[in-house]
Amino acid sequence: MTASSSAPERPRVKLLPKANARALRHGFPWVYSNELVTDRRTRKLAPGSLAVLLDEVQTPMGLVAINPESKIIARMLDRNPDAVIDQTWFAARISRAFAMRELLYDAPFYRLVHAEADGLPGIVIDRFGAACVVQPNAAWAETHLEALTAALAEVTGCEVILKNASGRTRGLEGLDDVNATLLGDTPAAPIAVAMNGATYMADLTGGQKTGLFYDQRDNHAFAARLVPQGGDVLDVFSHVGGFGLAMRAAGAASVTCVDGSAAALDLAGQGAAASGFGDSFTALQGDAFDQLANLAEEGRTFDVVICDPPAFAPSKPALEAGLRAYERIAKLAAPLVKPGGYLGLCSCSHAADLSRFRNASARGIGRAGRRSQLIHTGYAGPDHPQLPQLAESGYLKAVFFRLD
């Protein structure tokens, strides 16, 4: 069936009068469960079902994917209520995303699809050369995975497509956590990715998320500009060495990476060796808070310190505790920065907006007895576009301070 074929008869779901229909018309992509009429018929719809969304006066607003088990009960897929969701439809969306990435990047290593911002709600696709890793984090994506896979291969020519089912939101959608190989052969070894003068090793099958965090690429590059030739740098919550290897490639004499995952640090070490500076790489495995305290006790200082923790505030209920954790990280990290050196602090918590995160970071630096200047604020790169109507799509913040 092609996109020009007639659409099947579909169930219809209706907004409650209190729902913000105007926001949906202006581009907001979600309907929450308390905004939709959830009668017996709607509750019986299988997760991932397609339906026509009606406003309170029965006017069709578009085609939505329904999941009665999720707080986000409906996701807008297409303004055309008669759209056919098949390989042709997916190929059109992926082609649009692909064209922008090909314009921006000179090598096929980037986030290819960034969910709602690329018109594919709940779907994340990262590209690693001839391989793509798909995170279908919404029930409708799981239901249409075959068409999505075929379209992805058609548009990109990729030879390997992997399904990563580790996303936290899959549990909220009632989905499993079983990874799979959808096309080609499962990679037997990590894939080398060249960025910012360094080589990173991405484990597409056993690593965190899809194997590499492309969103920090531009912030890695900024941090690299802060390093004096022959300086020492500390990369905390380093994963596979994102900040540390970029700063070493820019001229640092040594890089120390701290992470709780021995496997991630092993990949960071492999990346350092592949980049040609394995002899100036040190790994410290363990709790980051403890390691920061240990380094302070040892009297260690660095020209640049970066802390890029996991989301301490992944949801609104976790916000206050998360902000306290960000403040504590800043307080522990600040004493490790040489006078005139730089401290970079990052947050991927969408519940903690920039203002609150920045303030928590500044409080922590102040509590450490250091005076600071905020010199730069960074965000995710352009392969992670933001949907202006959806604040959650602008989750990443990075603040860089110069410390006296």
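# Sheets, strand 8 and empty spaces

Author: Let's begin with strand 8: six of its six residues are buried, so strand 8 is largely enclosed by the rest of the structure. Buried means under 20% relative accessible area with a 1.4 Å probe, protein chains only. Strands here are DSSP runs of E with at least two residues, helices are runs of H or I with at least four, and both are numbered from the N terminus.

Reader: Hi! Before we go on, what kind of model is this?

Author: This is a predicted model, in which local features need pLDDT of at least 70 and side-chain atom pairs count only at pLDDT 80 or more, while totals for chains, interfaces and linings use all residues. Residues are numbered from 1 along each chain as its sequence is written, and side-chain values use heavy atoms, with hydrogens and water left out.

Reader: Thanks. Which residues of strand 8 sit on each side?

Author: Ala131, Val133 and Gln135 are on one side, and Cys132, Val134 and Pro136 are on the other; all are buried, so both faces are covered. In a regular strand the side chains alternate between the two faces of the sheet.

Reader: Which sheet does strand 8 belong to, and what's the strand order?

Author: Strand 8 is part of an open sheet of five strands with mixed pairing, in the order 6-7-8-9-10. Strand 6 (109-114) and strand 10 (180-183) are the edge strands, each pairing on one side only. From one strand to the next, the twist averages 25°. For these angles, axes are lines fitted to C-alpha atoms, for helices over the stretch in contact, and the values run from 0 to 180 degrees between N-to-C directions.

Reader: How many bridges join strand 7 to strand 8?

Author: Six bridges join them, and the two strands run antiparallel. Two strands count as paired if DSSP finds at least two bridges between them. Strand 7 and strand 8 form a hairpin with two residues between them, and Gly129 in the turn has a positive phi of about 65°. Phe128 stands opposite Ala131 in strand 8.

Reader: And what about strand 9, parallel or antiparallel to strand 8?

Author: Parallel, over four bridges. Ala131 has Val160 as its bridge partner in strand 9.

Reader: Which helix packs on that sheet?

Author: Helix 5 (residues 145-156) does, touching strand 6, strand 7, strand 8, strand 9 and strand 10. Its direction makes about 150° with that of strand 8. Contact means heavy atoms within 4.5 Å.

Reader: Switching topic: what's the order in the sheet of seven strands?

Author: That open sheet runs 15-14-13-16-17-19-18, with mixed pairing. Strand 15 (281-285) and strand 18 stand at its edges with a single partner strand each, so one side of each has no neighbour in the sheet. Strand 16 (residues 302-307) and strand 17 run parallel and are joined by five bridges, and Ile306 has Gly344 as its partner in strand 17. Helix 12 packs on the sheet, touching strand 17, strand 18 and strand 19.

Reader: Now the empty space. How many cavities of 30 Å³ or more are there?

Author: There are two cavities of 30 Å³ or more. The 1 Å grid covers the protein atoms alone: a cavity is a set of points where a 1.4 Å probe fits but cannot get out, a pocket is an open set with protein on both sides within 12 Å along at least five of seven lines, and lining residues have an atom within 4 Å of a point. Points are joined across faces, edges and corners, and a volume is the space filled by probe spheres set on them.

Reader: What lines the second largest cavity?

Author: The second largest cavity holds about 40 Å³ of space, and its lining is Cys307, Pro309, Tyr326, Ile329, Leu345, Cys346, Phe357 and Ser361. By class, that is seven nonpolar, one polar and no charged. Here Ala, Val, Leu, Ile, Met, Phe, Trp, Tyr, Cys and Pro count as nonpolar, Asp, Glu, Lys and Arg as charged, and the others, Gly among them, as polar.

Reader: How much space is in the largest cavity?

Author: About 50 Å³. Its lining has six nonpolar, two polar and two charged residues, including Trp140 and Glu173.

Reader: Last one: is Asp383 buried or exposed?

Author: Asp383 is buried, with a relative accessible area of 0%. Asp383 lies in the loop between strand 18 (372-378) and strand 19 (397-403). Leaving aside neighbours within four places in sequence, Asp383 is in contact with Arg101, Tyr105, Tyr110, Arg111, His114, Tyr214 and Arg217.

How values were computed
Buried < 20%, exposed > 50% of the residue type's maximum accessible area, 1.4 Å probe, protein only.
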